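Visitor: I would like to go through this model by question and answer. Please reason briefly each time and finish on what was asked.

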Amino acid sequence: DEMGQLSEVMMDVINCYDLATASRNSFNNFIVELPPICSDVRQKQRISIDTLPPEVKAPFPSEPVIPLRTKTIKEFQEDMDRATTSGDWRDVRDFYLTTFDSFLEINAAFKREANAPFNTIEDSGVNSKFLNAVYDALLCTPQDIQKSVLKGIINSLLREWKGPRTKDDLRAYFILVQNPQYSSTSTYVIYAHLLRQIAGLSEADHHFLVHWFKKLSPRRFRQLVERFLHFISTRLLPAPPDELPPLTRCSWWIPAATKVLALFNAANSISTPPIMSFTDFYNITLDHIDIMEQYRTWQSHGNSNKFSFCQFPFILSTVVKKAIIQRDSEQQMISMARQSLVNKVSRRQRVDMNLLFLNIKVRRAQLLSDSLDELSRKRADLKKKLKVTFVGEAGLDMGGLTKEWFLLLVRQIFHIDYGMFTYLKDSRCHWFSSWKCDNYSEFQLVGTLMGLAVYNSIALDIHFPPYCYKKLLTPPIVPCDQNTPIGMATATLGDLQQVMPDLAHGLGELLCYEGNVEEDFYLTFQVFQEELGVVRSYNLKPGGDKIPVNKQNRKEYVQLYAGFLLNKSIYKQFAAFYRGFHSVCASDALMLLRPEEVEMLVCGSPELDMSALQRAAQYEGYSKADLTVRCFWDVVLDFPLELQKKLLHFATGSDRVPVGGLADLNFKIAKIDVSTDWLPISHTCFNQICLPPYKSRKELKQKLTIAISNAEGFGLE
């Protein structure tokens, strides 16, 4: 009898529970193959929990009668104080023993009204203050009481393994998952089975749990998320022989924990503002596994039962996602280069190694026109490795020329005189000009340029609002049907706030206005926009110029206004930009990214931490104790931000910080035995600065400042 065997071995675990480790044999006997967690873990498209109906109705059996328990927080705390003082724990022991004996008793203890239904997503019906008090006290009780709680949980899980779920069952799961005892690895077997049962619940049940989880206090919520992440990390890493069962015998642990963690991520996503930063869901342990195997599994099996962390991209850090995109790009580059070689050989033509690259040749004086012309003519080569040549210069592109090409090109494209993008001072970002024309190919080429930067792992100094990256992922894969709208992300007042904060503030006041909206504002469903000096009017809906804005329809007016400014008025410009970006970056990997992560891949990390660069620096000819090196870091750490960015540009060819931070740059300081009259030299291809043996801080600062302030152009000695 499987359940009997499970019960016996669970008792074994309890008997050896002392907040240390359990017997290896007990665990080995315990692990049995149970049904897999539910399939359809994540479809190959973005699904948000808030796409479900406001109230999901599921067929629940009639609720059993819950016994009446009347203990209050005050009475419980008095019992605890008495037990602590006298050493007589009988009352406390009886309370814990009874409370965690079954799902019914859990509800009896913690439900605010024993037999009230509490059938809404808005209220779990749990007395949170009492529950928190009971759990906060639990770890301060004697070991036999803690054992009795675990024993009761085991009995509850065995008893509730099968059958339809009532709301009281959901409440019990909601309560049990908050138990602080699961922080100990000796309880992980029990914890894993609890998570498996929660993971196996229906979508309707998960919907309720998500909304209940979001009502937890931020501190409790964070503790639970950190506990899940630690559980997954501990199970991923090799465990001491007697601590955990062999990974091969409990392969379902990680999928179950990740699925439940996804419910917390959904709860965080629908909270305004979010309870935690999305980066707090990253599991850094995953930075050190074979992520490409996970990615290939996801590509091959999609939403099947075959588990992959890529089904749950919220748990993958930006560093991991960048690695996936880089390796995916490398594979595409190799594939394109191989195809070019095969074509040449099959035609018996002479093979030129340049055909393996996307070769861009430009004149500095005509940088923009030459670049756009080269990209237009070489669309078939976009997925090859980029190689840049500045006409008339002897520099060889080992990466440094490419970085400078991007840097200079972006400066020109986004200059106000060029007219493609408008700089908005209030939001300090660029936005698409709404002027109409017959040809939007230049917007496509700018999108191509940004795609090339991501494809070739170059960070750009671009200042788009976050909403732009949301549009780039709408949808994340270019639709086959040319008539399918692209880049039409849902526009909210918050999105408009990112781009046009003053206008968004005014619309917010309209929504809150208590007076007569129609008479005082005198607005219609019509907007006016200046285009090349001419003011044009646009109806937000058919006949909009004749529809007054009033209290009843003002919310619709604001939604349509935001949608017009952020989507409709620039649709053709952004559609061209979208297609240009995806012509280079088309990859399943884009489905793993949040808009904020796309922005980080394009622009790099916003944090310029020179101390991290110092800690990771390597030396050639110098040691970190040498006078010149010590003077260098004294000067650099004391530089203002602008000079630090110039130093970064001087050494690497870009003033942007890569994803993962400056520690990932492989920065090197090398010694050159020349006169100290020389200025420092850099090799941007290798992120290297060469310093003469300067003897003083003053001399080094003077020479370094001159070098980094005049760092445009390349040459060979």
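Visitor: Which residues have the most contacts inside the largest nonpolar core?
Guide: The model is a predicted one. Its largest nonpolar core has 172 residues, and helix 12 (residues 253-269) gives the most to this core, with 11 residues. Inside the core, the residues with the most contacts are Tyr 96 and Trp 405.

Visitor: What does Trp 405 touch, not counting residues up to four places away in sequence?
Guide: The count leaves out residues up to four places away in sequence, and contact means heavy atoms within 4.5 Å. On that basis, the residues touched by Trp 405 are Ile 360, Val 362, Leu 367, Ser 371, Leu 386, Val 388, Phe 390 and Leu 449.

Visitor: How many residues are in the other core, apart from the largest nonpolar core?
Guide: Leu 647, Leu 665, Leu 691 and Leu 700 are among the members of this other core. It lies apart from the largest nonpolar core, and its size is 29 residues.

Visitor: Which element gives the most to the lining of the second largest pocket?
Guide: This pocket holds about 890 Å³ of space and is lined by 38 residues, with Lys 322, Gln 326, Asn 456, Ser 457 and Ile 458 nearest its centre. Two or more lining residues come from each of helix 14 (318-346), strand 2 (385-390), helix 16 (400-413), helix 17 (441-455) and helix 24 (595-603). The most, 8 residues, come from helix 14.

Visitor: How many residues in the lining of the second largest pocket are nonpolar?
Guide: By class, the lining has 11 polar and 8 charged residues. The nonpolar class in this lining has 19 residues.

Visitor: Is Leu 507 buried or exposed?
Guide: Leu 507 is found in helix 20 (residues 501-512). Leaving aside neighbours within four places in sequence, Leu 507 is in contact with Leu 493, Leu 496, Tyr 557, Val 558 and Tyr 561. Its relative accessible area is 5%, and the cut-off for burial is under 20%, so Leu 507 is buried.

Visitor: What separates the C-alpha atoms of Leu 507 and Ala 562?
Guide: Along the chain, Leu 507 and Ala 562 are 55 residues apart. In space, their C-alpha atoms are separated by 9.4 Å.

Visitor: Why does Asp 205 count as buried?
Guide: Asp 205 lies in helix 10 (residues 203-213). Its C-alpha atom is separated by 9.8 Å from that of Asp 169, 36 residues apart along the chain. Burial requires under 20% relative accessible area, and Asp 205 counts as buried because its relative accessibility is 5%.

Visitor: Which helices are included in what covers the buried residues of helix 6?
Guide: Helix 6 (residues 128-138) is mostly covered, with 8 of its 11 residues buried. Those buried residues are Phe 130, Leu 131, Asn 132, Ala 133, Val 134, Tyr 135, Ala 137 and Leu 138. What covers them includes helix 3 (73-86), helix 4 (90-99), helix 5 (103-110), helix 7 (143-159), helix 8 (167-176) and helix 11 (218-236).

Visitor: Where does UniProt place the feature "active site"?
Guide: The annotation comes from an unreviewed UniProt entry. The residue it marks is in the loop between strand 9 (681-683) and strand 10 (688-691), and counts as partly exposed because its relative accessibility is 25%. The position given by UniProt is Cys 685.

Note on methods:
Residues are numbered from 1 along each chain as its sequence is written. This is a predicted model: local features need pLDDT of at least 70, side-chain atom pairs count only at pLDDT 80 or more; totals for chains, interfaces and linings use all residues. Side-chain values use heavy atoms; hydrogens and water are left out. On a 1 Å grid over the protein atoms alone, a cavity is a set of points where a 1.4 Å probe fits but cannot get out, and a pocket is an open set with protein on both sides within 12 Å along at least five of seven lines; lining residues have an atom within 4 Å of a point. Grid points are joined across faces, edges and corners, and a volume is the space filled by probe spheres set on the points. Helices (H or I, at least four residues) and strands (E, at least two) are DSSP runs, numbered from the N terminus. Ala, Val, Leu, Ile, Met, Phe, Trp, Tyr, Cys and Pro count as nonpolar, Asp, Glu, Lys and Arg as charged, and the others, Gly among them, as polar. UniProt positions are given in the numbering used here, feature names are shortened, and annotations may be inferred rather than shown by experiment. Buried means under 20% relative accessible area, exposed over 50%, partly exposed in between (1.4 Å probe, protein chains only). A nonpolar core is a set of buried Ala, Val, Leu, Ile, Met, Phe, Trp, Tyr and Cys residues joined through side-chain atoms within 4.5 Å.
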